[in-house]
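User: Could you pick one small part of this model and walk me through it closely? After that, I'd like to hear how the rest is put together.

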Amino acid sequence: MQSINADIAIVGAGGAGLRTAIEAAQSNPDFTVALISKVYPMRSHTVAAEGGSAAVWQASDSFDLHFNDTVAGGDWLCEQDVVEYFVQHCPREMIQLEEWGCPWSRKSDGSINVRNFGGMKVARTWFAADKSGFHMLHTLFQTCLKYPQIKRFDEYFVLDLLVEDGRARGVVALNMMEGELVQIRANAVVFATGGAARVYRYNTNASIVSGEGMGIAFRKGVALRDMEFVQYHPTGLPGSGILITEASRGEGGVMLNKDGYRYLQDYGMGPETPLGQPKPKHMELGPRDKVSQAFWHEWRAGRTIPSPRGDVVHLDLRHLGKDRILERLPFIRELSMSYMGVDPIEAPIPVRPTAHYTMGGITTDACCETSIKGFFAVGECSSVGLHGANRLGSNSLAEIVVMGRLAGEKAAERAKEGGKVNDTALNALSSDVEKWFTGLQNQTGTESWAAIRDEMGLSMEEGCGIYRTEELMQKTIDTLAELKERVKRVNVADGSAVFNTNVLNLIEVMNGIEVAETMAHSAIKRRESRGAHQRLDEGCTERDDERFLKHSLAFYTPGGAPRIEYGAVKITKSQPAKRVYGAEGEAAKAEGKAEGKAGKSTAKKERGNG
Amino acid sequence: MADMNKMSLRVMRYNPERDDAPRMQGYDVPWDPSTSFLDALSYIKDTLDPSLSFRSSCRMAICGSCGVMINGVPKLACKTFLRDYPEGAAVEAMANFPVERDLVVDLTHFLEYIQTLKPYILGNQRRPEEGPNSQTPEQLAAFRKFSMCINCGLCYAACPQFGLNSGFLGPAALTLAQRYNLDSRDFGKAERMPHINKEKGGVWACTFVGYCSEVCPKHVDPASALQQCKVESALDFAAAVLNCTKKKEAGHGKQT
Amino acid sequence: MASKRKPYVREMDANWWKDHPFYRFYMIREGTALFAIWVSLLLMCGMADAGGILSVLSNPLIILINLVAFAAALLHAKTWFDLAPKAMNLTEAQNRLVIGGLWALTLAVSLIVLLVAFA
């Protein structure tokens, strides 16, 4: 097997991987940074992010406000020291992107424009029309071309991580075009492999977002943290799941049920705001988990609109007018017209919640390093502790650059340490991977990977959807266990070497099942409702800080179901309180202010409300 | 799916380990008005023939993976719908690129050309601590259209000049160069011009066929960017001639 | 290990433009250059006052060729005028203005030439 030496190996070339690579390259001109991805960097899923990226910018805003929105939005399951670092570094990173050429939308005086986003108290979302992720990704990709130290391995599919004597030493990857395996050795390995929402049948994600990174880390013994928290985006297109950005609500779009009624006012996000005057944290600008949950209730009450691809509600943008839609939401219009045949200038867009984002992931410390020395994770694949139980829109694009930079810096430090590499041991590990891979290529049987993928997806929708019950989760757990057996009997029909995606699809679905299992098992053990994890069974419908103000940690057990343990949540300055939006939020704020003046008992009192 | 109508598609197949040349293979695919060609290809792979290889990712026309020829026209498979081809259709690998496997082509040249033209901000030393550059909406509008390229390669598949001369930097790469040349924050034009001016593969290899702009799924209008490159290149040439004359005069002066 | 890759290059032959309407139109557009040569030759003959140029010009076949050449010139003008604003990075509205202006200019110059010729 060919062996290539690098100082740092980065797996995944989306926003997080690229930002990490640039930082690592800048840190040392003599470094070789291997940037490995199963697709060309421009194809990474960052490209599909639409709305924008958060960073405190306006005079009326502050780091504390961004911190509070993030921690409350995450239902207090955030690592607060991480959130603090994050909010303080967001503006610098947005400016950095600007200076690298990102075409952020501007005000007429040439300064940066920001927009409203769900769950954010102040407009602080930097945007590039409704293609923010696209522009960020291309800016980062193009900037990375400036650094000769960054050696790209495009269309290399990483099969495993090389860990020797407790330290990450590189990866084994398949050169997809040649059909050959290579060892890419490095003293620091960074996973930036993205999320895993493709384990759900209906989702906003690209087909590549299948969770191998999480799967590999998991099998290496790194815990997957908070996996039960999977965000449903309230506005996906029915059937395809294509994302209709939250910015369409930030710009003033409204959600209507079959009676044309703005139903969000009935779910703690009211009172109704005037048409075309969106108010932060009210109505359509409520956080994603709550807006998705409201859909579920409307559906149960028979107030959604039946369609051939499931029930929908309407996202109405018509009152924004043609000019604003064309200026701020041109891509949304294009998507809606192509994939639904609906022009949002003339008719409301049919939408429904679809799986969108995995809040949890590979457990890291505040510096993005995992429990394996020299092995880092960053971006959606990681759980650095930023999003807690529910991520706020526009915090993830900010995360990939803020944490990407940190990961690059820290990985560079680790790479410098070097240390003695045990050549024989690494070769032995690699040849094990090769044997495993060859076995898969020649696997025969009667099962189809596509059928297993679909069954997994439907089962996850049923058991780990917007609302969960013990019974349905157990059913999903059983299904997943069964699929894990069946996947061993998948027939690999394509025995060729050059660009054989058949065997790779199988590997994706194998990893998907394992990741899905961590979600389902973490979910069933969390006997409370928090953020994106909402239960309907008795005794579990409320948040329970006494027992569950802690991270779930899913550990790999060979051949069996994941073992679930728990870890402490780092709370520095924001004590858990009730999550309130709309008028209730205003009232709580007023009360908080009054109490703040009266004494310091606020935190203690609010905790009782949770 | 069972009661859906079926459509006959012919799909290019090529396995370098077995075939001497690409061939077309027929498949019957169920469809409804929302079925895209990418959906159809996925259906073939999932249920009819797992050995079919093609690239795909976002399925929403923003990642640029799934460029193919549909009835000889460069298209994104995910944004082209079976409903528009009631007679069936032929799906082939993107023209003008070498075929590696089925619908997968070799994009190496294309990626190299992008890099050659230095598509990043040059000559601007501003640091984040100093705050963002100012850029008015008008300055942004000057290059915005050209920043919309998703690198799908359809314009290369549409460009006969690239087909005839694979050394031509091509529409998307040159458009990206022009995007940065037009950016008010960039001062790197002088570094890009030598490549744009280059005799064999530079912008003058373009004869304004114009089909690139016709097939661009993002309406980037690369043909327009290349015409602008030609103007820049002509001005650059004129300036070089003037400079050269001046230098000669100066040199002459020294000698005497 | 020897690579299993064998990239297949689809060579373009001399007839690459024949099966595609867009390419055919492109070839016609480029073909208008032939008529430009023809008209230039005629003009040069006229300027040299070569014997009997006027009688040659009144030959029906030559008139027919000149009519085709006129159509070719118009087509060439159209494609050229449509291209012109693309080289200038303008907005859609400005584009239309430039194209309109070029046609107006062409008409005006043609009228002046006709006036001078027949006055």
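Analyst: A:Val158 stands opposite A:Ala173 in strand S9 of chain A, so let's start from that pair and work outwards (strands pair if DSSP finds at least two bridges between them). This is a predicted model, where local features need pLDDT of at least 70 and side-chain atom pairs count only at 80 or more, while totals for chains, interfaces and linings use all residues. Residues are numbered from 1 along each chain as its sequence is written, with chains lettered from A and ligands numbered from 1 in the order in which they are written.

S9(A) covers residues 167-175, and strand S8 of chain A covers residues 156-164. The two run antiparallel, with eight bridges joining them. Their hairpin has two residues between the strands, and A:Asp165 there takes a positive phi near 55°. (Strands here are DSSP E runs of at least two residues and helices are H or I runs of at least four, numbered from the N terminus.)

Now follow S9(A) on to strand S10 of chain A, residues 180-185. This pairing is antiparallel too, over six bridges. A:Leu174 has A:Leu181 in S10(A) as its bridge partner. Four residues lie between S9(A) and S10(A) in this hairpin, and A:Gly179 in the turn has a positive phi of about 75°.

How much of S9(A) is covered? Mostly: seven of its nine residues are buried. Buried means 20 or more other C-beta atoms, placed from the backbone, within 10 Å of a residue's own; 12 or fewer is exposed, and in between is partly exposed.

For a helix in the same chain, try H2(A), residues 63-73. Its buried residues are A:His66, A:Phe67, A:Asp69, A:Thr70, A:Val71, A:Ala72 and A:Gly73. Their cover includes strand S4 (53-54), helix H3 (80-99) and helix H10 (395-417) of chain A. After H2(A) comes A:Asp75, with a positive phi near 55°.

Stepping back, chain A has 17 helices and 23 strands, and 62% of its 610 residues count as buried. Its C-alpha atoms fill a box of roughly 70 × 50 × 50 Å along the principal axes. A compact globule of 610 residues would have a radius of gyration near 25 Å, and the 23 Å of chain A agrees with that (C-alpha atoms; the rule is 2.2 Å times the residue count to the power 0.38). Among contacts in chain A with a separation of 6 or more, 75% link residues 24 or more positions apart; a contact needs C-beta atoms, placed from the backbone, within 7 Å.

Chain A is divided into domain 1 (2-231 + 357-421), domain 2 (239-354), domain 3 (430-549) and domain 4 (575-610), with bounds from an automatic or database domain assignment. The C-alpha centres of domains 1 and 2 of chain A are 29 Å apart. Where they touch, 25 residues of domain 1 meet 24 of domain 2. The domain 1 side has eight nonpolar, twelve polar and five charged residues. (Ala, Val, Leu, Ile, Met, Phe, Trp, Tyr, Cys and Pro count as nonpolar, Asp, Glu, Lys and Arg as charged, the others, Gly included, as polar.)

Chain B has domain 1 (5-105) and domain 2 (108-243), whose C-alpha centres lie 30 Å apart. Domain 1 of chain B puts 14 residues into their contact and domain 2 puts in 13. On the domain 1 side, strands S3 (67-70) and S4 (73-76) of chain B each supply at least two residues, and S4(B) gives the most, with three. That side has ten nonpolar, three polar and one charged residue.

Between chains, 44 residues of chain B and 44 of chain A form the contact. On the chain B side, helix H1 (37-48), strand S6 and helix H3 (137-144) each give at least two residues, with H3(B) giving the most, three. That side has 16 nonpolar, 18 polar and ten charged residues.

Chain B also meets chain C, with 26 residues of chain B touching 17 of chain C. The elements of chain B that supply at least two residues each are strand S6 (99-101) and helices H5 (160-164), H8 (211-215) and H9 (222-255). H9(B) has the largest share, six residues. By class, the chain B side facing chain C has 16 nonpolar, five polar and five charged residues.

Notes:
Two residues are in contact if their C-beta atoms, placed from the backbone, lie within 7 Å.
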